[in-house]
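Q: Could you take a close look at one part of this model, setting out which of its residues are covered and which are not, and then place it in the context of the rest of the chain? A connected account would suit me better than a list.

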Amino acid sequence: MARNSSTARRLPAAIALPTTIRATSRAPFLQVVKTAVAMILAWAAASLFVHGELPVFATIAALLVVQPSVNQSVGRAIERSIGVIVGVVVAYLIGLAFGTNSWIVLLAVVVSVLLAWALKLTPGTANQVPITAMLVLAIGASDPQYALARIVETVIGAAIGVVVNVAIVPPVLTAPARQAVLALGTEIASTLDRLGSALTTEHTRADLDALLIEARLLRPMETKAQSAITAADESLSLNPRQRKHRVYLDHDQQLFDRLRPLINRTLGMTRAYHDHYDDSLAAEPTIHAIADELHRAAHDLRLLARDPDEPVVEPGTETAGVPVLTAPLTIATPDPRHWVLIGSLVEDLRRIHVEIAGDDASTA
């Protein structure tokens, strides 16, 4: 009995649905509503223009065309329409030549796949061609009027899908882009602060490895910010609401372009410290001055990488608005073991100042 009970307890895990068929988050409910509205309107409109058959093609077209952005909707509408046109033509010609036997459906599918490959169609269009050819032949109709009706029906559904996506709050994805870019700037500043604090204390090899690993996390954040900006730009393409939001996206793109070199500088400084560290570094007089400048650079970077719609959080602090490296940095003659590291840190600090201040006259 104990063994049977144990087996019963393990069954749910064994038959659980695989995670690959579930999304990590739901699509916005508005997107679902828009899809439903587009399908209903496509069904109604196609019924007025095309008689004798259920407007299945129009409804499917509307379902597939309503996408997260207007630009994607237009692209999907074109893909769907071209795929249906090619698929209907293939089905009609094969049906006209060979009839409508069951093996003809398989032939039409194979020919459609090869034709889509030969024409170098996009994946969306290439998949639509054999599906349409199979559906048309499976229904059993091969006359020209039926073929033309399916094309007209699909175009109606695709057009309605685009119109609905434009008319009902077309999506704008600038907010996630801004969040990703600002988060990247904040993390670069935090990495500079961590490096500044690390310079003045002794560390174990594990501490240094952890410092470098944390700095390397800037790379995936950079990739995430780039993807968010690309998605935001795509959401504004062909979007009637783009004028207002384009200003915000342009600001975020410019900020991101200024942050990218800082990632290289910050990673380079952290890697140099990691590779050239020894316990006597903390005793170098210049190291403490460099650490102070790193904290100042982090402070000014936070001022740069903040939401322009929000006020400065710390207007009364002593260093508010003070740029990095405002005073000459006096470098005492370092230990021969450290001069390469100190020289590279100072040069990277200079370049960070150039990039934060936006001084194009200086080379970076």
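A: In this predicted model, the buried residues of helix 2 are Q31, K34, T35, A38, A42, A45 and A46. Seen down the axis of helix 2, these buried residues fall within an arc of 110°, and they therefore line one face of the helix. This arrangement can be read against the general geometry of such an element: an α-helix has 3.6 residues a turn, so residues three or four places apart point the same way. What covers the buried residues of helix 2 includes helix 3 (56-65) and helix 7 (144-167).

The opposite side of the element has another character, since the face of helix 2 turned away from its buried side carries the exposed residues F29, I40 and L48. As to its length, the 21 residues of helix 2 should span 30 Å at 1.5 Å a residue, and the end C-alpha atoms are 31 Å apart, which agrees with that expectation.

Helix 2, which runs over residues 29-49, also holds V33. With a relative accessible area of 34%, V33 is partly exposed, because that value lies between the 20% under which a residue counts as buried and the 50% over which a residue counts as exposed. V33 belongs to a nonpolar surface patch of about 450 Å², made by F29, L30, V32, V33 and V169. F29 thus appears twice in this account, as a member of that patch and as an exposed residue on the face of helix 2 turned away from the buried side.

Helix 5 (residues 102-118) invites the corresponding reading. Its buried residues are I104, V105, A108, S112 and A116. They cover an arc of only 105° around the axis, which puts them on the same side of helix 5. These buried residues pack against helix 4 (70-98) and helix 6 (123-139), while the face turned away from the buried side of helix 5 carries the exposed residues L106, L114, W117 and A118. The 17 residues of helix 5 should span 24 Å at 1.5 Å a residue, and its end C-alpha atoms, 25 Å apart, agree with this. Beyond its end, helix 5 is followed by K120, whose phi is positive, near 55°.

Charged pairs add another layer to the picture, for a search of the whole structure finds 14 salt bridges. One of them lies in helix 4, an element that packs against the buried residues of helix 5: the side chains of E79 and R76 meet at 3.8 Å, N to O. Both residues lie in helix 4, three residues apart, about one turn of the helix, and R76 counts as partly exposed at 32% relative accessibility. A pair within helix 11 is D275 and R271, whose closest N and O atoms are 2.9 Å apart, and which lie four residues apart, about one turn of the helix. D275, at 43% relative accessibility, counts as partly exposed, as does R271 at 37%.

The pair of E355 and R265 links separate elements instead, their side chains meeting in a salt bridge of 3.2 Å, N to O. E355 lies in helix 13 (residues 339-357) and R265 in helix 11 (residues 242-276), so the pair ties together parts that are 90 residues apart in sequence. E355 is buried, with a relative accessible area of 10%, and R265 also counts as buried, at 16% relative accessibility. Elsewhere, E187, R194 and E214 are linked in a network of salt bridges.

As for the chain into which helix 2 is set, the protein has 13 helices and zero strands. Residues 24 or more positions apart account for 80% of the contacts in the protein with a separation of 6 or more. Buried residues make up 39% of the 364 residues in the protein. The protein exposes about 19,800 Å², of which carbon and sulfur atoms supply 64%.

Methods: Residues numbered from 1 in each chain as written. Predicted model: local features only at pLDDT ≥ 70, side-chain atom pairs only at ≥ 80, totals over all residues. Heavy atoms only, no water. Helix = DSSP H or I, 4+ residues; strand = E, 2+ residues; numbered from the N terminus. Expected span 1.5 Å × (residues − 1). Buried < 20%, exposed > 50% of the residue type's maximum accessible area, 1.4 Å probe, protein only. Arc of directions from axis to C-beta. Contact = heavy atoms within 4.5 Å. Patch = residues over 30% accessible without salt bridge, like charges linked within 9 Å, V, L, I, M, F, W, Y side chains within 5 Å. Areas by Shrake-Rupley, 256 points an atom, 1.4 Å probe, with all protein chains shown as cover. Salt bridge = Lys/Arg side-chain N within 4 Å of Asp/Glu carboxyl O.
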